[in-house]
Amino acid sequence: MKYIKQPPHHHKPNKDSKKPNHEVCKRCGIILHRGRWQKNDALVKEHRKLNQLTLTLCPACRKEKEGIAEGVLTIDRAIFDSGAKEIQNEIRNIAGQEFNRDPLRRLIGINLTKDKVVVNTLTKELAVTIGKHIKKSRKGKLEIHYSPHEDFAEVFLKAIE
Ligand SMILES: [Zn+2]
């Protein structure tokens, strides 16, 4: 005799099968909604309940896995003479705000050397944005160089002599 397992009451099958599944990043949990990747845990939860999620890797996590950095910002030591810790906090704060605005903009890392701080970012825009913010708060001369195919940005914040 065939036994058919009944689904529990709270588990309704997805009637609205025309509704496309939402893509969710299995690594960082952001969701693709209306053409934009965003951090929205409530939306993820909602679609998980409806069984409308497709797990994938978002473009940012794909780049992170491949070790691709599109932006590098180099800041002269003279700009942050007052303290290396403060400048790092400042950079992290700006990056955090940008991440909240667009979770594909990510800080990869901050390296401190004797005479400069080097900031690696996943997107070109983030390196440029951080450079502009630091310039505003600490002065300096901002130089932005793009690679010939514009897939890489090198940004320098130099002390004004
Ligand atoms: Zn991701």
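Hi everyone, let me start with a single residue: A84 has 13 C-beta neighbours inside 10 Å, so this alanine counts as partly exposed. A84 sits in helix α3. Its C-alpha lies 8.0 Å from that of L112, although the two residues are 28 apart in sequence. Do keep in mind that we are looking at a predicted model.

Now let's step back to the overall layout. The protein has four helices and nine strands. Going along the sequence, you meet them as β-β-β-α-β-α-β-α-β-β-α-β-β. Of its 161 residues, 25% count as buried. If you take the contacts between residues at least 6 apart in sequence, 61% of them join residues at least 24 apart.

On to the sheet. Five strands form an open sheet in the order β6-β7-β5-β9-β8, and the pairing is mixed. Which strands stand at the edges? Those are β6 and β8, the latter covering 141-146; each has a single partner strand, so one side of each is left without a neighbour in the sheet. From one strand to the next, the twist averages 15°. Within this sheet, β5 and β7 run antiparallel and are joined by six bridges. One position to look at there is L73, which stands opposite V119 in β7.

What about the helices? Our α3, the helix with A84, lies across β5, β6 and β7, and runs at about 170° to β6. Helix α4 lies across β5, β6, β7, β8 and β9, running at about 10° to β9.

That brings me to the core. As a general reminder, nonpolar side chains in soluble globular proteins tend to be buried together. Here, the largest nonpolar core has 29 residues, and the ones touching the most other members are L73, I75, A127 and I130. Elements that each supply at least two residues of this core include β1 (22-25), α2 (59-66), β5 (71-76), α3 (84-101) and α4 (124-138). Domain 1 (22-62) and domain 2 (69-158) each contribute at least three residues to this core.

Let me finish with I75. Which residues is I75 in contact with, leaving aside neighbours within four places in sequence? The answer is F80, I87, K116, V117, I134 and L157. If you have the structure open, I75 is a nice place to center the view, as one of the residues that touch the most other members of the core. Thanks, and I'm happy to take questions!

Definitions and conventions:
Residues are numbered from 1 along each chain as its sequence is written. This is a predicted model: local features need pLDDT of at least 70, side-chain atom pairs count only at pLDDT 80 or more; totals for chains, interfaces and linings use all residues. A nonpolar core is a set of buried Ala, Val, Leu, Ile, Met, Phe, Trp, Tyr and Cys residues joined through C-beta atoms within 7 Å. A residue is buried if 20 or more other C-beta atoms lie within 10 Å of its own, exposed if 12 or fewer, and partly exposed in between; C-beta atoms are placed from the backbone. Domain bounds come from an automatic or database domain assignment. Two residues are in contact if their C-beta atoms, placed from the backbone, lie within 7 Å. Two strands pair if DSSP finds at least two bridges between them. Axes are lines fitted to C-alpha atoms, for helices over the stretch in contact, and angles run from 0 to 180 degrees between N-to-C directions.
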